[in-house]
Amino acid sequence: MTDLGSYGDVAHFRVGPIRAYLVNHPDLLRELLIGKADLIRKLPHQMKVMGQIEGNGMLVSDGEHWRRQRRLLQPAFHARRIERLVGEAVEETVRTMQAWRAGQTIEIVPAMTDLSMVIMAKSFFGLDLSTEAPQFRQIVRDVSEALLLEMRRMVRLPRWSITPIGRRKWRAIDALDALVWDLIRRQRGAVAAEGDSLLGILLRSIDPESGAPAMTEREARDEAVTMFNAGHDTTAAALAWILYAIAAHPEVSERLRAEVQTVLGGATPDANDIARLPYVEAVVNEAMRLYPPTWSLFTRQATQAFELGGWRIPAGGWLIAMPWVTHRDARFFADPLKFDPDRFLPPRAGTIPRFAYFPFGIGGHTCLGMRLATVEMVAMVAAMSQRWRFRLADPALPERIDALLSIWPQADLRLILEAA
């Protein structure tokens, strides 16, 4: 797919009898995902695969149901709630760091996965997963591997599958489902649902027109699972790559730490500090440019023929938008393989074409949690940089990726901790 990006704004290829098109220009991405949004749909096979765990949640739904659910979920991401959730994320980050020791080598992928899982479980379910995080890390990994395999091979592994990956998938789905339904039972009713978790908010949401509950328990379950899966997986992958990039570029690390020290001193960062930490935010953005956790948006399918950039897209054609490809295109990012946070600071930030950078999607389907995720990661990276320097345990380790539902380092990324 990266090679296809060099063929121009639209690259055509075939998947068996299906015509597929990689769209790789900001103007055409905008035209496709915003201007022609009513002429495309999410690829049904991919949605059926994801629906095995996410039901009819917002990530897999389309049309009026999707619009209704997004409208109901929007209030859960208001500014005051983001401020509180960021505070909880930093608090959990500090608690995690208390177990770290100078000279210790940590495997950053499981460390960030466990940390983000604990944070998201508390935010979305009001659940403390601090002791069960490693177990749930494996559950989510099993699901991720199985679903990606199914999407690539255009098949689904049924419950009666005797393959090891099929058995692991269904055990993992059942374990997560049992947990969420148990939480719903606990939070059922007005008194029990008074907490500020996403699940509690969904269970007590009211339709402004009818005054009746806006979501059924099944709908609340689907949306909570969707947000939990999308939120913790992408955040963990992004944090792992951010810390890897900081460790691999000592000059970036020192400049980042200098900004944190100047702005915060020894104070714990919170959501209100983000505007005063532009370099930290630039580091986060640049890491998500080179290593976008959502490396490919869900494939779209044309519901009728239309024209895009001079190409005639036939009905049924597949349309693919890949941050991994566009983010590494030299037409939009000079020296694209270089880790250079300054490209996200003035005056250079103004030269990046709109929609050339889209780690959270484009248009109506842009991730609802985009602002929360960005602010949380900036605050968490600032908190970690206050206390620690990170150094690569093996600077010669080749950079290889694992393209699951999010993009991950293929090998263990081991970082050595040095006291700041």
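**Figure 1. Overall view of the protein chain in the predicted model.** Of the 420 residues of the protein chain, 56% count as buried, and the secondary structure comprises 13 helices and 12 strands. Along the principal axes, the C-alpha atoms fill a box of roughly 55 × 55 × 50 Å. The radius of gyration is 21 Å, which agrees with the value near 22 Å that a compact globule of 420 residues would have. Among contacts with a separation of 6 or more, 72% join residues that are 24 or more positions apart. The accessible surface comes to about 18300 Å², and carbon and sulfur atoms contribute 53% of it. The 51 positive and 49 negative charges have mean positions that lie 4 Å apart.

**Figure 2. Confidence along the protein chain.** The average pLDDT of the protein chain is 89, and 96% of the residues score at least 70. Confidence is lowest in helix H6 (residues 133-153), with a mean of 78, whereas it is highest in H11, at 98. Where pLDDT is low, the predicted coordinates should not be read in detail.

**Figure 3. Close-up of helix H2 (residues 44-54).** This helix is largely enclosed by the rest of the structure, because 8 of its 11 residues are buried. The buried residues of H2 are His45, Gln46, Met47, Val49, Met50, Gln52, Ile53 and Glu54. Just after H2, glycine 55 adopts a positive phi of about 60°.

**Figure 4. Close-up of threonine 299 in the loop between helix H11 (278-290) and strand E5 (300-302).** Threonine 299 has a relative accessible area of 8% and is therefore buried, the cut-off being under 20%. Leaving aside residues up to four places away in sequence, threonine 299 touches Arg41, Lys42, Leu43, Gln46, Trp318, Leu319 and Ile320. One of these contacts, Gln46, is itself among the buried residues of H2, which links this view to that of Figure 3.

**Figure 5. Close-up of threonine 366 in the loop between helix H12 (323-326) and helix H13 (370-387).** Threonine 366 counts as buried, at 14% relative accessibility. Not counting residues up to four places away in sequence, threonine 366 touches Arg70, Phe360 and Gly361. Threonine 366 and leucine 33 are 333 residues apart in sequence, while their C-alpha atoms are 9.9 Å apart in space.

Note on methods
Residues numbered from 1 in each chain as written. Predicted model: local features only at pLDDT ≥ 70, side-chain atom pairs only at ≥ 80, totals over all residues. Heavy atoms only, no water. Helix = DSSP H or I, 4+ residues; strand = E, 2+ residues; numbered from the N terminus. Rg over C-alpha atoms; globule rule 2.2 N^0.38 Å. Buried < 20%, exposed > 50% of the residue type's maximum accessible area, 1.4 Å probe, protein only. Contact = heavy atoms within 4.5 Å. Areas by Shrake-Rupley, 256 points an atom, 1.4 Å probe, with all protein chains shown as cover. Lys, Arg positive; Asp, Glu negative; His and termini not counted. Charge placed at Lys NZ, Arg CZ, Asp CG, Glu CD. pLDDT = per-residue confidence, 0-100.
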